[in-house]
Amino acid sequence: MSNIAVTDAAAPSTAAKPFLTRLGTGFVNRLVIIVPYLWLLFFFLIPFVIVFKISLSQTAIAMPPYTPVLDFRDGISGFFAGFRDLNFDNYVWLTQDALYFKAYITSVVIAAISTVLTLIVGYPIAYGMARAPATIRPTLLMLVILPFWTSFLIRVYAWIGILKPEGLLNQLLLSLHIINQPLVILNTYTAIFIGIVYSYLPFMVLPLYSSLEKMDYSLIEAAKDLGCPPTSAFWKITFPLSLPGVIAGALLVFIPAVGEFVIPDLLGGSQTLMIGKTLWNEFFANRDWPVSSAVAVILLLLLTVPIMFFQQAQAKAQEQGK
Amino acid sequence: MNTTWSRFNVTSIVLGFAFLYLPIVLLVVFSFNESKLVTVWGGFSTKWYVSLFHNQGLMDATWVTARVGVISATVATVLGTLAALTLTRYTRFRGRVLFSGMVFAPLVMPEVITGLSLLLLFVAVGLDRGFFTVTLAHITLTMCFVAVVVQSRLVSFDRSLEEAAMDLGATPAKTFFQITLPVILPAIVSGWMLAFTLSLDDLVIASFTSGPGATTLPMKIYSQVRLGVTPEINAACTILIAVVAVGVIIASIANKRREVQRQLDERAAQRG
């Protein structure tokens with residue numbers, strides 16, 4: 001692994017040297033880097049290469065159910081022969097069936113709407129937490145994090161009992177005579193929105209809170225003193241200052257929501273269309289591994305830009321933390 | 001800073017927390033329901049918990065999940081801590097951008113992609129799907145979360161403590177185990193717990209990478225939920241929530257104790 005050689009070792013000042021360098025041997029130093037590096041390379045990066053490879057192979061009735069591509073068993077010539085067998089049939093197939101296109105578009109739209117809804121729900125909570133007396137802030141923070149520790153599946157499951165036609169929400173609304181007939185919420189897109197907002201709310205609130213907490217509120221007071229009405233003070237001062245938190249929160253909600261499976265499957269019923277569910281069905285019901293790989297590759301390409309934004313935001317936050 | 005906590009702030013917090021907690025509370029309440037209908041209250045009963053313990057399939061799945069969770073969280077904590085050290089201490093090595101990319105990307109990667117890609121890897125290298133592959137998959141996912149938690153602690157770590165120890169003649173290894181490790185230990189512990197709960201929760205990646213004989217609890221719950229909502233699942237969920245809640249409470253009490261002890265030590269040291 002020559003590309004992960006430690007270049008720090010030659011740094012002139014002792015204080016600037018990485019801590020383990022002082023062991024005198026670069027061995028431990030390198031081990032710290034190499035072990036997690038190799039692990040992620042093997043279990044995170046290489047699998048994507050395999051997905052890509054299999055998306056270019058043909059479906060076969062066998063186990064595993066695809067024809068091998070880039071087979072090294074026949075030596076180098078077999079390897080090059082494999083290139084001739086590469087085919088884009090699976091991708092052509094994805095463009096021919098309108099179902100896939102619709103599923104991608106719907107997923108992105110649902111994720112985008114849910115992200116905005118999560119922001120609208122999460123902002124007042126984060127703002128209220130940031131303005132809370134400093135003594136109770138840790139407790140409030142703990143209360144936001146706590147639901148994250150309980151199972152995602154359980155939290156989604158809990159909503160089935162609430163949203164069902166004979167569920168708790170309808171019982172409540174009927175008994176209060178707000179509605180005369182039970183609302184149909186479960187197995188609609190509305191239920192998916194509720195599920196995503198609920199499940200991902202902590203991911204939005206935490207980054208928002210950390211950027212709102214750092215804000216200098218005397219700015220707002222200065223604006224007020226100068227005659228600025230509260231709403232325009234919010235849009236001119238508070239919101240722009242919390243923008244890093246908004247962006248981080250939005251990416252943390254949007255990216256996983258696009259490929260969400262559990263929520264559309266349990267709350268959206270069979271009528272709703274999302275790409276994570278399509279991939280799952282393609283894999284588990286149709287057992288078509290090459291097509292589900294192609295679905296995954298396109299989904300990954302779709303998310304590359306937001307994921308890169310996310311990494312940049314992370315790197316920046318890391319810099320500021322120092 | 002002069003904080004004014006307006007009525008609007010209080011209301012939004014109360015409503016927000018009600019939204020976050022009410023579904024979980026209702027789920028727990030209805031696990032004690034006498035009636036088989038999950039949403040109609042028929043009196044208090046613990047019978048669903050009793051029938052739960054007679055459900056062999058569910059018990060087996062719980063055992064598998066617990067083992068996968070402990071093993072994967074432990075390995076992930078070691079790897080994640082190393083990754084965090086790499087990210088904070090070695091700012092210049094070739095391939096660092098790729099490395100930080102591989103640490104951060106799994107945090108947001110849709111689980112269906114991670115699950116599918118890991119499965120295809122296991123098939124390609126000829127590993128039989130089962131307990132071992134689920135554990136490997138969970139290590140890969142959760143080590144990145146551990147890395148982020150430990151890294152945030154390392155960033156605020158006062159390096160002069162290490163320098164002082166080494167100036168006083170401690171070897172780097174001794175410095176690491178006596179100074180650095182105790183300071184970042186709370187982060188490592190919460191990293192382990194996060195990894196454990198993530199493993200306990202995971203449905204999608206486990207479904208892809210698991211094989212016959214290694215059905216995890218979420219997989220079991222999921223297949224039962226698809227057949228219909230029953231109080232028995234509510235009871236299973238309640239136990240899971242209770243386990244996690246007790247763990248989190250113990251950890252935070254332990255954390256607080258350690259903090260108090262540390263302050264006492266500091267005061268004692270100052271008095272000399």
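Leu116(B) is a useful place to enter this predicted model. Leaving aside residues up to four places away in sequence, Leu116(B) touches Val51(A), Leu279(A), Phe283(A), Ser292(A), Ser293(A) and Ala296(A), and also Phe208(B).

Leu116(B) also belongs to the largest nonpolar core, which has 158 residues. Together with Ala126(A), Tyr157(A), Val295(A) and Ala147(B), Leu116(B) is among the residues that touch the most other members of this core. The element that gives the most to the core is helix α8 of chain A (residues 189-213), with 16 residues.

Next comes the contact between the chains. Here 74 residues of chain B meet 87 residues of chain A. On the chain B side, helix α1 (residues 7-30) supplies the largest share, 12 residues. Sorted by class, this side of chain B holds 53 nonpolar, 14 polar and seven charged residues.

Within chain A, the domain assignment gives domain 1 as 2-85 and domain 2 as 89-321. Each of the two domains puts 10 residues into the contact between them. On the side of domain 1 of chain A that touches domain 2, six residues are nonpolar, four are polar and none is charged.

Chain B offers an example of helix packing. Two packed helices are described by the angle between their axes and the distance between the axes. For helix α3 (residues 56-89) and helix α10 (residues 217-227) of chain B, the angle is about 145° and the axes are 7 Å apart. From α3(B), the contact includes Gly57(B), Leu58(B), Ala61(B), Thr62(B) and Thr65(B), which meet Leu217(B), Met219(B) and Lys220(B) in α10(B). Of the residues in this contact, four are nonpolar, three are polar and one is charged.

Conventions:
Residues numbered from 1 in each chain as written. Chains lettered and ligands numbered in written order. Predicted model: local features only at pLDDT ≥ 70, side-chain atom pairs only at ≥ 80, totals over all residues. Axes fitted to C-alpha atoms, helices over the stretch in contact; angles between N-to-C directions. Helix = DSSP H or I, 4+ residues; strand = E, 2+ residues; numbered from the N terminus. Contact = placed C-beta atoms within 7 Å. Nonpolar A, V, L, I, M, F, W, Y, C, P; charged D, E, K, R; others polar. Domains from an automatic or database assignment. Core = buried A, V, L, I, M, F, W, Y, C linked by C-beta atoms within 7 Å. Buried ≥ 20, exposed ≤ 12 C-beta atoms within 10 Å, placed from the backbone.
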